[in-house]
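These notebook entries record what I looked up in one structure. I began with a single residue and then widened the search.

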Amino acid sequence: MRTVIRTLFICCFLLALVGVLAPAVVAQTTAPEEKHPYIDPARIFEFERQEITLQPFAASGLILDIGGGGEGIIGQLMGRQVVAIDLLRQELEDAPAGPLIKIVMDARELKFLDATFPDVTIFFTMMYINGADHPKVLAEAYRVLAPGGRLRLWDVVFGPRPATGQDIGLVPLLIHLPGRDVNTGYGNRWPAEPHDEAYYARIAEAAGFRVVARRTEHTWCFIEMVKP
Ligand SMILES: C[S@@+](CC[C@H](N)C(=O)[O-])C[C@H]1O[C@@H](n2cnc3c(N)ncnc32)[C@H](O)[C@@H]1O
């Protein structure tokens, strides 16, 4: 649970950084000695704990993992094939060893040349990025993927806001990796429009991808897409 709350605090800290949370809210709720702002628990809608089982996937070369800090799940899964980028240096420093390299970089403006990677992953990162920037992130992923390359995306399903008025969704997750489990949770501000499988498939196709697999498991979804 400590990890879950820490993750939520980190995401709110990030939101504050990018200006999604009103600075006034942060100012009113952050004690000077606190690294992350206090979140009133009454604002948090906690989903039922979900389980995800991940197996290594076939990848011919380097895998760009977007938002690969935090638990660094794809880095743990795919090891030194992974190039992990994250907006926050601290998130990369805190992530476990595994990736070949970790680089501070913004998913909305990747510094890689076109067609650099045969594979890209985005594991529970879109939920931490303002919806208005989602098309840009997918366009950048498309650009750096080689033709025929694949983007695999996992994220929380945010439906309509709860009638209770809670405006932050938190998904506790038990992630099964080969040989170990990771108990964590991802949470962020509830988006104004639903962010679900259909939404991600729609913006993927708008970016030029062909969606080849998609599924929803309770409160998370997975979309796999190919750059033609
Ligand atoms: C808390 S992590 C969760 C998922 C992470 N992939 C994992 O395996 O645990 C989400 C990450 O997305 C990063 N992020 C948010 N906006 C970003 C952006 N514009 N560019 C790159 N990373 C971003 C956050 O800094 C955070 O580390």
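**Entry 1. A cysteine**

Is Cys-221 buried or exposed? I worked from a predicted model. I counted 21 other C-beta atoms within 10 Å of Cys-221. The cut-off for a buried residue is 20 or more, so Cys-221 is buried. I then placed Cys-221 in strand 11, which spans residues 220-226.

Next I listed the contacts of Cys-221, leaving aside neighbours within four places in sequence. The list holds Asp-155, Val-157, Asp-196, Glu-197, Tyr-200, Arg-215 and Thr-216. I also looked up the C-alpha separation of Cys-221 and Leu-153, and found 8.2 Å for two residues 68 apart along the chain.

**Entry 2. Leu-153**

That distance led me to Leu-153, which I located in strand 7 (residues 145-156). Leu-153 counts as buried, because 26 C-beta neighbours lie inside 10 Å. Not counting residues up to four places away in sequence, Leu-153 touches Ile-122, Met-126, Tyr-200 and Ile-223. Tyr-200 is thus a contact of Leu-153 and is also in contact with Cys-221. For a pair separated in sequence I took Leu-153 and Phe-123: they are 30 residues apart along the chain, and their C-alpha atoms are 5.8 Å apart.

**Entry 3. Two helices**

I turned to helix packing. Two packed helices are described by the angle between their axes and by the distance between those axes. At what angle do the axes of helix 5 and helix 6 cross? For helix 5 (residues 134-144) and helix 6 (residues 197-206), I noted a crossing at roughly 55 degrees, with the axes coming within 9 Å. That angle makes helix 5 oblique to helix 6. The crossing of the two helices is right-handed.

I recorded the residues that make the contact: His-134, Pro-135 and Leu-138 on helix 5, and Ile-203, Ala-204 and Ala-206 on helix 6. Sorted by class, the contact of helix 5 with helix 6 has five nonpolar residues, one polar residue and no charged residues.

**Entry 4. The ligand shell**

How many residues surround the ligand? I found 24, and the closest are Gly-67, Gly-70, Glu-71, Glu-91 and Ala-107. By class, the shell around the ligand has twelve nonpolar, seven polar and five charged residues. Helix 1 (2-18) and strand 4 (82-86) each supply at least two residues of the shell. Helix 1 gives the most, with three residues.

**Entry 5. Ala-95 and Gln-76**

Two of the residues closest to the ligand, Gly-70 and Glu-71, reappeared when I looked up the contacts of Ala-95. Ala-95 touches Gly-68, Gly-69, Gly-70, Glu-71, Gly-72, Gly-75, Ala-84 and Lys-102, not counting residues up to four places away in sequence. I placed Ala-95 in the loop between helix 4 (89-94) and strand 5. Ala-95 counts as buried because 21 C-beta neighbours lie inside 10 Å. From Ala-95 to Ile-73 I noted 8.6 Å, C-alpha to C-alpha, with the two residues 22 apart in sequence.

I then looked up Gln-76, which lies in helix 3 (residues 73-78). Gln-76 has 21 C-beta neighbours inside 10 Å and therefore counts as buried. Leaving aside neighbours within four places in sequence, its contacts are Pro-96, Gly-98 and Leu-177. The C-alpha atoms of Gln-76 and Pro-99 are separated by 7.4 Å, and the residues are 23 apart along the chain.

**Entry 6. Positive phi values**

I searched for positive phi in residues other than glycine. Ala-115 has phi near 55 degrees, and Phe-124 has phi near 50 degrees. Ala-115 lies in the loop between strand 5 (101-104) and strand 6 (117-123), while Phe-124 lies in the loop between strand 6 and helix 5.

Which of the classes, buried or partly exposed, applies to Ala-115? Ala-115 counts as partly exposed because 14 C-beta neighbours lie inside 10 Å. Phe-124 has 24 such neighbours and therefore counts as buried.

**Entry 7. The chain as a whole**

Finally I noted the totals. The protein chain has six helices and eleven strands. Of its 228 residues, 39% are buried. Among contacts between residues at least 6 apart in sequence, 60% join residues at least 24 apart.

Technical notes:
Residues are numbered from 1 along each chain as its sequence is written. This is a predicted model: local features need pLDDT of at least 70, side-chain atom pairs count only at pLDDT 80 or more; totals for chains, interfaces and linings use all residues. Helices (H or I, at least four residues) and strands (E, at least two) are DSSP runs, numbered from the N terminus. A residue is buried if 20 or more other C-beta atoms lie within 10 Å of its own, exposed if 12 or fewer, and partly exposed in between; C-beta atoms are placed from the backbone. Two residues are in contact if their C-beta atoms, placed from the backbone, lie within 7 Å. Axes are lines fitted to C-alpha atoms, for helices over the stretch in contact, and angles run from 0 to 180 degrees between N-to-C directions. Angles under 35 degrees count as roughly parallel, over 145 as roughly antiparallel, 65 to 115 as roughly perpendicular and the rest as oblique. A crossing is left-handed if the near helix is turned anticlockwise from the far one by less than a right angle, and right-handed if clockwise. Ala, Val, Leu, Ile, Met, Phe, Trp, Tyr, Cys and Pro count as nonpolar, Asp, Glu, Lys and Arg as charged, and the others, Gly among them, as polar. A residue is near a molecule or strand if its C-beta atom, placed from the backbone, lies within 6 Å of it.
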